[in-house]
Each structure stands twice: as C-alpha cells, then as structure tokens.
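Hi everyone, thanks for coming. I'd like to walk you through one structure today, so let's put it up on the screen.

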Amino acid sequence: MENYSFIRGLAVNKGYRTFSEFYPFYLSQHQHKICRVLHYIGSSLVIMLFAYICLSQRWSLMLLLPIIGYGFAWVGHFVFEKNRPATFEYPLYSFMADWVMLFQAITKRN
C-alpha cells in the first residue's frame, strides 16, 4: 500500500496530498453546467431526504442516500462531461468536494 496514505482510517491516493491540492482538479472535472446542476440537485435531495429520515425515523431509507447523491452526479459525468467520476479514484476527497462545491454555489463563490 505504498501508493496510499491514511486520513482517519480511510485510504487516500497520494496523487493529491491535501484537499486543497485536489479541489482544483475536482472542479476541472465539473466544467459542464448541467453536470454541476445535477450534482447540486442530487446533494440537495440527499439533505432533504436525510432530514426526512431523521424526523420520521424511517432508517431503512438511508439506503437511498448514496443512490440519489451519486445517481445524479454520475449521470452528469457519463452523459454531459463524458468523463469518469473522481469518486472512483478519490472517494473521500470527492465526497468532501461535492459539499464544498454546493456550498460555493449557494453562497455564489463559484
């Protein structure tokens, strides 16, 4: 496992040693507006569904969270960006970047 470092027990590819190094690459993989919008929709639905799950205590619905979140994002990548989602190679950093990108869109910083 010499090609990996560990952050809180999760293997992270050493191609990017920090999230700050990774994030510009992540944004470069999300240039198509529809791809980004699909990410925003998926992430927003995840937040709403998570809130509903917590309020209703219907814990079995937790299984839908990754399907909804990644489903929208992957359609954006495969159909519009025509690239391979960074999640496959950098799962932790990509997960973090999804939320940073959404926050930046909401706060109009991106």
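Let's start with Cys54: at 35% relative accessibility, it falls between the 20% and 50% cut-offs, so we call it partly exposed. Do keep in mind that this is a predicted model. Now compare Cys35, which counts as buried because its relative accessibility is 0%. And how many disulfides does a search of the whole structure find? Zero.

Cys35 also takes us to a histidine, because Cys35 is one of the residues in contact with His77 once you leave aside sequence neighbours within four places. The others are Gln29, His30, His39, Lys82, Asn83 and Pro85. His77 itself sits in helix H3, which runs over residues 64–81. Is His77 buried or exposed? Its relative accessibility is 2%, so it counts as buried. Its side chain also has a polar partner: the side chain of His30, at 3.1 Å.

On to the nonpolar side of things. The largest nonpolar core has 13 residues, and those touching the most other members are Phe19, Phe22, Tyr23, Tyr26, Tyr93, Ala97 and Met101. Two or more residues each come from helix H1, 19–28, and helix H4, 91–106. H1 gives the largest share, five residues.

Take Tyr26 from that list: beyond its neighbours within four places in sequence, Tyr26 contacts Ser94, Ala97, Asp98 and Met101, as well as His39. You'll remember His39 from the contacts of His77.

Finally, apart from the largest core there is another one, of five residues, including Val46, Ile53, Leu61 and Leu65.

That's my tour, so over to you!

Notes
Residues numbered from 1 in each chain as written. Predicted model: local features only at pLDDT ≥ 70, side-chain atom pairs only at ≥ 80, totals over all residues. Heavy atoms only, no water. Helix = DSSP H or I, 4+ residues; strand = E, 2+ residues; numbered from the N terminus. Buried < 20%, exposed > 50% of the residue type's maximum accessible area, 1.4 Å probe, protein only. Polar contact = N/O pair within 3.5 Å; in protein donor to acceptor, adjacent residues only side chain to side chain. Contact = heavy atoms within 4.5 Å. Core = buried A, V, L, I, M, F, W, Y, C linked by side-chain atoms within 4.5 Å. Disulfide = S-S within 2.5 Å.
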